[in-house]
Amino acid sequence: MKRVYNAANLPDAHIVAGVLAERGVRVRILNANAAGAMGELPVDAASPQLWVEDPRDEARARAVIEEFVRSSAGPPRNCPACGEENPGSFDMCWSCGRGLEA
């Protein structure tokens, strides 16, 4: 197995694992329950990690992850109702709940 991704948190790990599964890349999430050890262990040792089951899938997995991260990011957008700044990946304003225009 080869590590291909250090997730910020467990939901992030599951989202990226799902994207990889859609592309036929089998991964395992390690450190899924290690968040409680943060501070006792280095961050990269306690955060969830994605490991490909077949080392031959490493390059493809990294390419899929890079494409996913690039496509889900974007410039921040201001809410037309309240003016609050929202991350580019949000469809609704985190502050007031109004839909953000594309």
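## Worked exercises on salt bridges, a core, N86 and the cysteines

Both R70 and E66 are exposed, where exposed stands for over 50% relative accessible area, buried for under 20% and partly exposed for what lies in between (1.4 Å probe, protein chains only). The model is a predicted one, in which local features need pLDDT of at least 70 and side-chain atom pairs count only at pLDDT 80 or more, while totals for chains, interfaces and linings use all residues. Residues are numbered from 1 along each chain as its sequence is written, and side-chain values use heavy atoms, with hydrogens and water left out.

**Exercise 1.** Find how R70 and E66 are paired, and state how far apart they are along helix 3.

*Solution.* R70 and E66 form a salt bridge with their closest N and O atoms 3.3 Å apart, a salt bridge being a side-chain nitrogen of Lys or Arg within 4 Å of a carboxyl oxygen of Asp or Glu. The two residues are 4 apart in helix 3, so about one helical turn separates them; helices (H or I, at least four residues) and strands (E, at least two) are DSSP runs numbered from the N terminus.

**Exercise 2.** Work out which parts of the chain are tied together by the salt bridges of E67 with R23 and of R26 with E53.

*Solution.* Begin with E67 and R23, whose closest N and O atoms are 3.2 Å apart. Because E67 lies in helix 3 and R23 in the loop between helix 1 and strand 2 (27-30), this pair ties together parts that are 44 residues apart in sequence. E67, at 38% relative accessibility, is partly exposed, and R23 is partly exposed at 41%.

Next take R26 and E53, which approach to 3.0 Å between their closest N and O atoms. R26 sits in the loop between helix 1 and strand 2 and E53 in the loop between strand 3 and helix 3, so parts 27 residues apart in sequence are tied together. R26 is exposed at 57%, whereas E53 is partly exposed at 26%. Finally, R26, R28 and E53 are linked in a network of salt bridges, and the whole structure holds 7 salt bridges.

**Exercise 3.** Identify the element that gives the largest share of the largest nonpolar core.

*Solution.* This core, a set of buried Ala, Val, Leu, Ile, Met, Phe, Trp, Tyr and Cys residues joined through side-chain atoms within 4.5 Å, has 15 residues, and V4, Y5, L20, V27 and L50 have the most contacts inside it. Strand 1 (2-6), helix 1 (10-22), strand 3 (49-52) and helix 3 (58-72) each give two or more residues, and the largest share, 5 residues, comes from helix 1.

**Exercise 4.** Describe the surroundings of N86 in strand 5.

*Solution.* N86 belongs to strand 5 (residues 85-86) and is buried, with a relative accessible area of 1%. Beyond its neighbours within four places in sequence, its contacts (heavy atoms within 4.5 Å) include C79, C93 and W94. The side chain of N86 reaches the backbone nitrogen of W94 at 2.8 Å, and a polar atom of that side chain lies 3.0 Å from the backbone oxygen of E84.

**Exercise 5.** Decide how many disulfides the structure holds, and examine C79 and C82.

*Solution.* The structure holds 0 disulfides, a disulfide being a pair of cysteine sulfur atoms within 2.5 Å. For C79, the closest cysteine sulfur is that of C96 at 3.6 Å, which is too far for a bond. C82 is in no disulfide either, and the nearest cysteine sulfur, in C93, is 3.7 Å away. C79 is buried at 4%, whereas C82 is partly exposed at 40%.

Conventions
Polar contact = N/O pair within 3.5 Å; in protein donor to acceptor, adjacent residues only side chain to side chain.
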